[in-house]
Amino acid sequence: MKLGVPKEIKTHEYRVGLTPESVREFVARGHEVAVESSAGAAIGADDDAYRQAGATVLPDAAAVFDAADLIVKVKEPQASELAMLRPRHVLFTYLHLAPDPEQAAGLIAAGCAAIAYETVVASDGSLPLLAPMSEVAGRLSITVAGNLMMRNAGGRGMLLGGVAGVPPARVLVLGAGVAGVQAVRMAAGAGAEVTVVDRMLPRLRAIEAQLPGRVRTRPSTHAAIDEELAQADVVIGAVLVTGAATPRLVTREMLATMKQRSVLIDISIDQGGCFETSRPTTHAEPTFEVDDVIHYCVANMPGAVPRTSSHALNLATLPFALALADRGLDALRDDAALRAGLNVLAGQITHPMVASALGREYVEPLRALGA
Ligand SMILES: NC(=O)c1ccc[n+]([C@@H]2O[C@H](COP(=O)([O-])OP(=O)(O)OC[C@H]3O[C@@H](n4cnc5c(N)ncnc54)[C@H](O)[C@@H]3O)[C@@H](O)[C@H]2O)c1
């Protein structure tokens, strides 16, 4: 198989689809890998590192798309990348299609196969290719919140953990999944007073067992969220319904009940966001204010720590990417986990939640594959 790794072009996105270590694995199995020049610069992997791993380094994205059949990326294709996709291409990357009809139309028009990292589902229901980035985003959210709470950043002028004799900040985490749990652990570690909300009781039990006495757990009811929101200095949004647009747990009206200059971090923004007032931002301009509440809605938070993120992502994607390289789309036929990642094939939407969010017809993946 001919693989292609273009340089990421989304604003302040510094991760790379394949590290040189991963490239070596493909080359060892007889595959060819084309990497765009300087694709790994931000993680300290220069063109020579890729050449030494056995890749060919090409000058631009057009040359990479031209040379490759399997494109391995990090973020969803931007307009210029959508224009380079052809029906022969298999695109393996994060897509987050449910809230993005424009991208869906682009992928449909391209006629390619698009496999979304975030909808690959393991047999136990976990999301193996989303998990490493959720871990990073969850941990990072508390670092970001700590910074935004500083007065010079516009915040309430508090430390997460307070100091002796001065109470700590109150952090509310919505969602006790992978990102939420990491946010809870970091916030509790920093000494904040932490409450976590989830609609699944087993999730609340698990976090309570991990941090006994250090975290308050509450169900995802209107009453609990109303009550906690009014007391929070920081709210982290980390809910997810796989493949669907994020449920809006906090409406604009509810902002009026919050403390002035409190901080909302909407990690879930890549699936639409769990605050009604969220809109995607970038690392270049990460925040905006609505009703005196600071919103941080960066859709690619792990891009800020590309070294940690690229290696963590590659650890998770490598076995699936190797299977695709070895067998092409046939790899999807007997691997239900990878098949669940197929969002678009030959102009058809092959993920039920994505189809329903976009109001398009759903075609079962095996039918679309012609099995
Ligand atoms: N912004 C970024 O850079 C970035 C990076 C990584 C992940 N993410 C996003 O973070 C979100 C969370 O990812 P995750 O891996 O932690 O997901 P997860 O599936 O592990 O956890 C989601 C949790 O949300 C809970 N949930 C669902 N509906 C709920 C509701 N109505 N009320 C309360 N809880 C509810 C689920 O029970 C689950 O525990 C996803 O949207 C993911 O795409 C964003």
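The exercises below, each with a worked solution, deal with a predicted model.

Residues are numbered from 1 along each chain as its sequence is written, and side-chain values use heavy atoms, with hydrogens and water left out. Because the model is predicted, local features need pLDDT of at least 70 and side-chain atom pairs count only at pLDDT 80 or more, whereas totals for chains, interfaces and linings use all residues.

**Exercise 1. Describe the setting of His-96, beginning with its place in the chain and ending with its contacts.**

Start with the secondary structure, in which helices (H or I, at least four residues) and strands (E, at least two) are DSSP runs numbered from the N terminus. His-96 lies in the loop between strand S5 (90–93) and helix H5 (101–110).

Next, consider accessibility, for which buried means under 20% relative accessible area, exposed over 50%, and partly exposed in between (1.4 Å probe, protein chains only). His-96 has a relative accessible area of 7% and is therefore buried.

Then turn to polar contacts, that is, pairs of N or O atoms within 3.5 Å, where within protein one atom must be able to donate a hydrogen and the other to accept it, and residues adjacent in sequence count only if both atoms are side-chain atoms. The side chain of His-96 makes such a contact with the side chain of Asp-270 at 3.2 Å, and another, of 2.6 Å, with the side chain of Gln-271.

Finally, list the contacts (heavy atoms within 4.5 Å). Leaving aside residues up to four places away in sequence, His-96 touches Lys-75, Gln-103, Glu-118, Leu-130, Asp-270 and Gln-271.

**Exercise 2. Determine whether Thr-93 and Pro-77 are buried or exposed, and identify what surrounds them.**

Thr-93 belongs to strand S5, and because its relative accessible area is 0%, Thr-93 is buried. A polar atom of the Thr-93 side chain lies 2.9 Å from the backbone oxygen of Val-74. Residues touched by Thr-93, not counting those up to four places away in sequence, include Pro-77, Ile-115 and Tyr-117.

Pro-77 sits in the loop between strand S4 (70–72) and helix H4 (79–82), and with a relative accessible area of 6% Pro-77 is likewise buried. Beyond residues up to four places away in sequence, Pro-77 touches Leu-82, Leu-85, Leu-91, Thr-93, Leu-95, Gln-103 and Leu-107.

**Exercise 3. Examine the salt bridges of Arg-51 and Arg-170, and place the second in its network.**

A salt bridge is a side-chain nitrogen of Lys or Arg within 4 Å of a carboxyl oxygen of Asp or Glu, and the structure holds 20 of them.

In one of these, the closest N and O atoms of Arg-51 and Asp-48 are 2.9 Å apart. The two residues are about one helical turn apart, because they are three residues from each other in helix H2 (residues 47–52).

In another, the side chains of Arg-170 and Glu-193 meet at 3.6 Å, N to O. This pair links distant parts of the chain, since Arg-170 is in strand S7 and Glu-193, 23 residues away, is in strand S8 (residues 193–198). Arg-170 is buried at 18% relative accessible area, while Glu-193 is partly exposed at 34%. Both belong to a network of salt bridges that also links Arg-216, Arg-218, Glu-227 and Glu-228.

**Exercise 4. Trace the polar atoms of Arg-203 and Met-301 that approach the ligand.**

A polar side-chain atom of Arg-203 lies 2.8 Å from an oxygen atom of the ligand, and a polar backbone atom of Met-301 is 2.7 Å from a ligand oxygen atom.
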